[in-house]
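Subject: Model handover and notes

Hi,

Here is the structure I promised to pass on. Have a look at it first, then read my notes underneath.

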Amino acid sequence: MSALTFDKSELGNLEYSLQREMLATDRIGGYMSTTIVCCNTRRYHGLIVAPIDRSENTYLLLSSLDETIVQHDQHFNLALHRFKGVYEPRGHKYITDFQYTPTPTITYRVGGVILKKEMLWIHKRTQLMIRYTLVDAHSETRLRLRPFLAFRDKHALTKANMEANGHSYPAINGVKCRLYESFPWLYLQTSKPGTEFVPAPDWYYNFEYLQDIARGYEGHEDLLTTGYFETELKKGESIIFSASLDEMGSTKTIEEVFEASIARRTHKIDFISCLEHSARQFVIRRPDNRTEVVAGYPWPGFSARQAFIALPGLTLAQDHKEDCIDALDTQVRSMHDGMFTGSASAAVAADAPLWFFWTLQQLETKLDGRTIWERYGHTMKQVLESYRCGIAGRAVLNENGLIWASSDELPLTWMDSVVDGRAVTPRNGYQVEVNALWYNAVCYTLRLAGENGDMEFVRAWEELPARTAASFNEMFRLPQGYLADCVGVCGADDTIRPNMAIACGLPYKMPDIETQIDVLRTVRQHLLTPKGLRSLTPRHPDYRGVCDGTPAERDFASKNGSVWPWLLQFYVQASFDIDGDAFLPQAEEILASFEEDIQVYGIGSINDLYDADPPYTYRGAISQAWSVGAVLNIYRMIRERKGEK
């Protein structure tokens, strides 16, 4: 497995360093994210981005922190910002080293001064700590720290205004700030008694975010600083800066929390250890006993579909079944009238409730079937009955045993991009993966019901799978051998898309062996890449090999060519089901193709999607739950095939 390393000689090269972004989370919904040289290139980058109430919204409070070395009345600003095309200051030229483990650490050298900076997000509380250590110096050295504040929704941008409160108020060995009354106080404190805070409120204008501009969005922001900290440091001395929504009781407490927290950090040294750490970052435990799965960082929110798909890889691959159970229980508690709510409802995502059953099937590798049935059997039956009765006029079980899902208002499958009010990939009707998931869900529920003595359910539903399978194979099996992507009012859509791979990669499948082989052959010929499956064959006129340009152009490309890693787990499972252990070399090759990804784009993680054409450029969110979950699931499959634990 590849080690996580960085080229020290390239750290001062912005083409190298600005393309590498780091992420740390507090496991309760907040995060820190920026580039490895601490230059924000997105509106979503910041040192404290966190929820401030019970909603799912997160807010960027502390954008950045400028460090300045003062020696012999000379000032050396270690920060890096871009203002309307110009980088100023250019502190990256002082960086000599970057390490990611056990916590992101940057080393600066200014003449004879060597300063080490360790950035640490504290778990289970909204708090960032940064420890500065003066490793070497030959004369009096002072350190100045200037925080830049935003206090805004993470999707928005701040502009200079008269409403913002630029004053700082006393706190223990520091100050507290609150730009607007609707926000909580942000406590800025240090561990060194007597550190001076100099009030100097001022707006800095036109911070420029290159990634936002490249993605077709507004990318300029004004940030407010209320002043700066300054203290003298002696050789070998450290000072810890703390930014938190809770006031630390003493300077000693700051030091104790930092030491205890960094001692618990796992070492992220290679491919799998990085992915396992990344997986844990997606599972959020709310103070109100909710456990949720963040779809991705830094901008995606919560998607039940993605949560169900990601959970087995994120949790069960590391034997964290409690996280999986708690996340499922959170969804179950929110049910209304026999159906999940929010993004888990079939009214907005026709397939989402059916992924719940697939997740339970993976969970059964850690729990016995009786426990699954006792805990979730009632929910399983409710969900199936909801489809039979019809859900919001959008998803319903028809007499032929198949699910018809249709809406003029919004796309109901994972191919849900919309441009100018119209679905990029219109798929109203019988979708191949929705009905494959339906069949899988019914068969699985029947098995558990039969094993646990619920014969009333068995009698009511046992004839359905055969009817569903007969209708499916009649409608979806194409003369070309593979499966239609969907069947609508105009008949079968023979467009080659990856959704048919899901139908062949589920525990219960309707296509016969010959069809499965044809599907895999078609997928390999048209869709398979080292990074995932293309969303459309390159032979189609709508195919887009590169996902860039305006938001509309990117939305179109994302479902008409772009490569999605999460689909690979179903291709790999289907291939194992057909070829057995003979597929192991190909599976290991697929896994190895992601090893270098942990060192670029989103450090230690896997992003959302890739360009469909070589060199398969990274796109989308820097860290995506179902991408990480899928790769860890493939890793689990390989280990099980090889008899490893």
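Below is what I found, going from sheets to helices to local details.

A word on the ground rules: this is a predicted model, so local features need pLDDT of at least 70 and side-chain atom pairs count only at pLDDT 80 or more, while totals for chains, interfaces and linings use all residues. Residues are numbered from 1 along each chain as its sequence is written, and side-chain values use heavy atoms, with hydrogens and water left out.

**Sheets**

The element names come from DSSP runs, numbered from the N terminus: helices are H or I with at least four residues, strands are E with at least two. Two strands pair if DSSP finds at least two bridges between them.

One open sheet has eight strands in the order β8-β9-β10-β11-β18-β15-β14-β13, and the pairing is antiparallel. Its edge strands are β8 (95-99) and β13 (169-171), each of which pairs on one side only. On average, neighbouring strands here are turned by 20 degrees against each other, direction ignored. Inside that order, β15 (residues 186-190) and β18 (residues 238-244) run antiparallel and are joined by four bridges. If you want a spot to zoom in on, L188 has A243 of β18 as its bridge partner.

Helix α3 (residues 251-263) lies across β10 (113-121), β11 (127-136), β15 and β18, and it runs at about 90 degrees to β11. (Contact here means heavy atoms within 4.5 Å. Axes are lines fitted to C-alpha atoms, for helices over the stretch in contact, and angles run from 0 to 180 degrees between N-to-C directions.)

There is also an open sheet of three strands, β26-β27-β28, again with antiparallel pairing. β26 (430-431) and β28 (491-493) are at its edges with a single partner strand each, so one side of each has no neighbour in the sheet. Two bridges pair β26 with β27 (residues 486-488) in the antiparallel sense, and Q431 stands opposite C486 in β27.

**Helix packing**

For orientation words, angles under 35 degrees count as roughly parallel, over 145 as roughly antiparallel, 65 to 115 as roughly perpendicular, and the rest as oblique. A crossing is left-handed if the near helix is turned anticlockwise from the far one by less than a right angle, and right-handed if clockwise. For residue classes, Ala, Val, Leu, Ile, Met, Phe, Trp, Tyr, Cys and Pro count as nonpolar, Asp, Glu, Lys and Arg as charged, and the others, Gly among them, as polar.

- α5 (residues 304-315) packs on α17 (residues 625-641) at an angle of about 40 degrees, with the axes 7 Å apart; the two are therefore oblique to each other. The crossing is left-handed. Q306, I309, A310, P312, G313 and L314 of α5 meet A625, W626, V628, G629, L632 and N633 of α17. That gives eight nonpolar, four polar and no charged residues.
- α15 (residues 568-579) packs on α17 at about 20 degrees, with axes 8 Å apart, which makes α15 roughly parallel to α17. This crossing is left-handed. The contact involves L568, Q569, V572, Q573 and F576 of α15 with A630, N633, I634, M637 and R641 of α17, or six nonpolar, three polar and one charged by class.
- α13 (residues 513-526) and α15 have axes that come within 11 Å and cross at roughly 130 degrees, so α13 is oblique to α15. α13 passes α15 in a left-handed crossing. In α13, I513, Q516, I517, L520, V523 and R524 meet Y571, A574, S575, I578 and D579 of α15; the split is seven nonpolar, two polar and two charged.

**Salt bridges and backbone oddities**

I get 44 salt bridges, counting a side-chain nitrogen of Lys or Arg within 4 Å of a carboxyl oxygen of Asp or Glu. One of them joins E409 and R394, at 3.4 Å from N to O. E409 is in the loop between β23 (403-405) and β24 (418-419), R394 in the loop between α8 (369-389) and β22 (395-397), 15 residues apart.

Most residues other than glycine have a negative phi, and most peptide bonds are trans. Here are the exceptions I noted:

- T101 to P102 is a cis peptide bond, omega near 5 degrees; P102 sits in the loop between β8 and β9 (105-110).
- Y297 to P298 is cis, with omega near 5 degrees; P298 is in the loop between β21 (296-297) and α5.
- H72 has a positive phi, near 55 degrees, and lies in the loop between β4 (59-71) and β5 (74-77).

Cheers
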